[in-house]
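User: I am new to this structure and would like a close look at a single part, the largest cavity, followed by a word on the salt bridges. Please take me through both with care.

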Amino acid sequence: MRQEVQQLELLCTQLYESQDPNIRVEAEKALVVFQNSPDALSKCQLLLERSESSYAQLLACTTLTKIISRSSQNLPLQQRIDIRNYVLNYLATRPKLPNFVLQALITLFARISKLGWFDGEKEDYVFRNVVTDISQFLQGSVEYCMVGVQLLSQLVVEMNQILDSEGSRSLTKHRKIASSFRDTQLFEIFRLACSLLSTANENCKNLNFDDVSQHGLITQCLRLAHNCLTFDFIGTSTDESSDDLCTVQIPTSWRPAFLDHSTLKLFFDLYHSLPDSLSPLALSCLVQIASVRRSLFSNPERAKFLAHLVNGVKHILQNPQGLRNPNNYHEFCRLLARLKSNYQLGELVMFENYQETIRLITEFTVESLQVWQFAPNSVHYLLSLWQRMVASVPYVKATEPHMLETFTPEVTNAYIKARLEAVAVIIRDGLEDPLDDMGMVLQQLEQVSVIARCDYQKTCAMLVQVFDQTAALYQDLINSTNTMQVDFNIQEIRLTWLVYIIGAAIGGRISFNAHDEHDVMDGEMVVRVLQLMNLTDSRLPQSGCEKLELSFLNFFEQFRKIYIGEQVPKTIKIYKRLQDVLGIGEEHLVLSVFMRKIITNLKYWGGSEQTISKSLMLLSDLSVGYTCVRKMVKLDEVIFLLSSHTSEHFPFLGNNVSLSEMRLRSMFYTSLGRLLMVDLGDEDEKFENFMLPLASVLDTLGNIFSVSTDTSVFNTDEIRKPLIGIARDLRGLAFAFNTKSSFMLLFDWLYPAYMPIFLRAIELWATDPQMTTPVLKLFAELVQNRSQRLQFDVSSPHGILLFREASKIICTYAKYILPIDPPKEQIYPMKLKGISICFSMLKAALCGNYVNFGVFRLYGDDTLENALKTFIKLLLCIPRNGLLDYPKLSQTYYVLLECLAQDHMNFLATLEPQVFLYILSTISDGLNAIDTMICTGCCTTLDHITTYLFKQLQIKEKKTRQGLPITNEPFLQVLELHAGILQQILSTVLNFIMFDECRNQWSMSRPLLGLILLNEQYFNQLRENIIRSQPPDKQAAMAQWFENLMEGVERNLLCRNRDKFTQNLSMFKKELTEKGSNVTVNTNSINDMITT
């Protein structure tokens, strides 16, 4: 035994301390074998008792936790109780354990308590006596007390989260345990935490926070209180990233703790008395307390609670010393944001010290914006507070003044000045530029856009004044001959900020609250931005500022949303100001400005992928508006764009750009396609003229492919990039051409002249995804019956011709891609991505409803058969776990399989036994997928298969009765030889419905009836096993529920019968949920069925 312990200690040391990665890998493999060994449980106890290595102790704890997590139902109750008691005794007798071992033991205790929460004998739930069991720790020394608090804290955390190991446990069971814990233990634990903190607060002057033990105990008590307050009380599983919107759903039974304002006062007192290393936790608790649901209080109670809360906030603002700590500052900003997210402005203004408090908050906000380097991530919460207050002004009915018109302009001005003053510091000192994080900038601008509208006249006046000053300095620098580049950069970035802020201010216009005066003010700002843009555009041949260009595009996007479109009144005042200054007083003239800017960017910013992308997104947005696009096609700029879309005019269409930038070409040609379609009709000449640049590229490629025998020529960028580009261009056009006439023009142009070029490209570069992906995606788009554009005439062969070309592409790609075996880390980009696109292409073609597939077999055409056989080959080359490991691949595969099961079941029925069993195994995997769409699709596929099988069996029985010869149906032979496969799936589906939170119960019910009818004897055995597994007093109820499940259900799969079964199943599930017990159906892995 000692030798075995020493061996495990050595492996642990190698895993955690060795510098050699190979040794670590081998040690990890050996320890995984140990964790999965049958005698791991006894060896873990041996390690804990005899090993002196902390790493070995950690191994024992984590192994026990894994054993408990995966097989708690299989361990006898007494054994689990013994493990739990052993952990508590171990902690009690070894208080000086390393922290990581201590935490592992505490996690083990919490896990075994949670998983055994409903286990006991005669209503004695032995795992629920947590507070009693831990009380001996709480009454001991500081070290013991800290362990006791950690045990409670980890238990709260454990009860609040769904574990990875609980994949097979239902969310319903997790919520049942969590709800029971909430109702029976959580409030007591919270009061215990408050009691310990209250004692600490009373004795605060006698505490030595330099003492690690005392400091640690207070930390753990605060964490315990915080964990209680952040508990998921109603099972909403809120996203922590949006915690500023959170409401804490405190149970009604907790009311006394919040009506007694000593709880609120306790945490404010703790903030003021604790050192900076602890006070942020007190503020975190206050954030949660401030977010308690409104309905917990009556109106007078809420007003009193709010008064105490605001008084506490005001006291912190009057004594801001603690806010110099960044953590305190951040939590306090969160606390301020919660004031408005959980309380109405009308309630806040009724507070007697409201005016003084709002003044203090304003001063705090202004100062915070000025010291922008201190805690930049906290500004969001302050702006959120002001945004919500301003947004609620129209709804305030209180007679007391809210004073926002007085204080809000100060906040807006502070934000603008802080942004501008920071620019020089950032550039001169080389600091991180906030403009590099546009997600944060746009979020702040969205908040500022609302705040700025409170007193819009002051905001606009300030923006115009600052803009004029900055633009004048910029003009002086341009005219000066000895300008330093750094000064030039500073002014450009300041103008960038101003353009962003002006765009946000315009975007904050609300139609029901807009005034003509506001539109006039907008006009003043728009005029200045357009004048600045004209100035910068004139300098683009020499130099330009990318960030300033991006701000112009953002400005245009905001202007487009507010002032361009069908819903904008034609008498709006903004156009009058634009007419007076710039001579663009109508919408089509403004659109002309937009288009000139887009063309200018495409011409001069070919090296900036971001600028090109934003410009094309603006063009795309403009091209989808019904009225807007009809005005645009008459503009000279658009006419130029449609006639000159070549690399000569737009460098990003050339071969000297990166492959990532070439992806933008699809978006560009989608927009051009929409513009072209407006007046296209059936005009072949107009279309041919537009396609001339593309035809030139394809003709050149075709000539090279036909005459060149030197394959090395094909690996040059002069060949590769034009092909990538033309495939992306055509894909963009195909996406835009969503009418029958426009698509026919494109298809007739492509077929048959240019189709061989793409087929040849697949042959040459099948193993190069940079080349194949654009071509495959082009054909995947061509076969999409978007907006019913592929509804060909009855005499047209186009549907068959299109499918033939798609089939050729799929089969050719498969021929070359199947033999390659890329490394695991490269398998998706090198192989699986192309296969996924092929699946998508085939699904679109099969489900497009524009090809009569019976024609192929009738006339001996093997196009369809080749495509389907190729699908099977591609499927079998995919590692089975790869289907669900790669979401895009799994989505395309399962929708294609559903299509095949629906319309091509005859093909599936002729597959080799192992192939069909493999497909069934993927369906079984899909039933357990996290993605509900995949699970639902698998149910539909399974329903088609069981229905087909049931009909075939009925036909066979009928022929047998009539004495007719029976044909050997391969499909039936497979299921006769492997009868357990459908039984296994039946067991899986039934388990899923009965004991999981089945969100797609209707979909699950459809194949279940077919599975039951095909396996009636097995279903009866399964039912008897489930009934016998119940406690004796519940067996009769379970038997009755199963009886009711099949009541009135006939032995057929007619629609009426299915609906009856679905209704019965709903009642069956309801009875189980409300009155059922904790049983599961014992399902073996379906893999076992495949390998036997």
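Analyst: What follows describes the largest cavity and then turns to several salt bridges.

This is a predicted model, in which local features need pLDDT of at least 70 and side-chain atom pairs count only at pLDDT 80 or more, while totals for chains, interfaces and linings use all residues. Residues are numbered from 1 along each chain as its sequence is written, and side-chain values use heavy atoms, with hydrogens and water left out.

Rolling a probe the size of a water molecule over the atoms shows where empty space is left. A cavity here is a set of points, on a 1 Å grid over the protein atoms alone, where a 1.4 Å probe fits but cannot get out, and its lining residues have an atom within 4 Å of a point. Grid points are joined across faces, edges and corners, and a volume is the space filled by probe spheres set on the points. Counted in this way, there are 5 cavities of 30 Å³ or more, and the largest has a volume of about 90 Å³. Its lining is made up of Val310, Leu339, Leu348, Tyr354, Thr357, Ile358, Ile361, Leu385 and Met389. Two elements, α17 (354-370) and α18 (379-391), give two or more residues to this lining, and α17 gives the most, with 4 residues; helices are DSSP runs (H or I, at least four residues) numbered from the N terminus. The lining divides into 8 nonpolar residues, 1 polar and no charged, where Ala, Val, Leu, Ile, Met, Phe, Trp, Tyr, Cys and Pro count as nonpolar, Asp, Glu, Lys and Arg as charged, and the others, Gly among them, as polar.

As for the salt bridges (a side-chain nitrogen of Lys or Arg within 4 Å of a carboxyl oxygen of Asp or Glu), the count comes to 41. One of them joins the side chains of Arg255 and Glu301 at 3.0 Å, N to O. Arg255 lies in helix α11 (residues 255-259) and Glu301 in helix α14 (residues 299-318), so this pair ties together parts that are 46 residues apart in sequence. Arg255 is partly exposed, with a relative accessible area of 23%, and Glu301 is partly exposed with 23%; buried means under 20%, exposed over 50%, and partly exposed in between (1.4 Å probe, protein chains only).

Another salt bridge pairs Arg560 with Asp621 at 4.0 Å, N to O. This pair links distant parts of the chain, with Arg560 in helix α24 (residues 546-563) and Asp621 in helix α27 (residues 609-622), 61 residues apart.

Methods. 1 Å grid on protein atoms, 1.4 Å probe; cavity = no way out; pocket = protein on both sides within 12 Å on 5 of 7 lines; lining within 4 Å.
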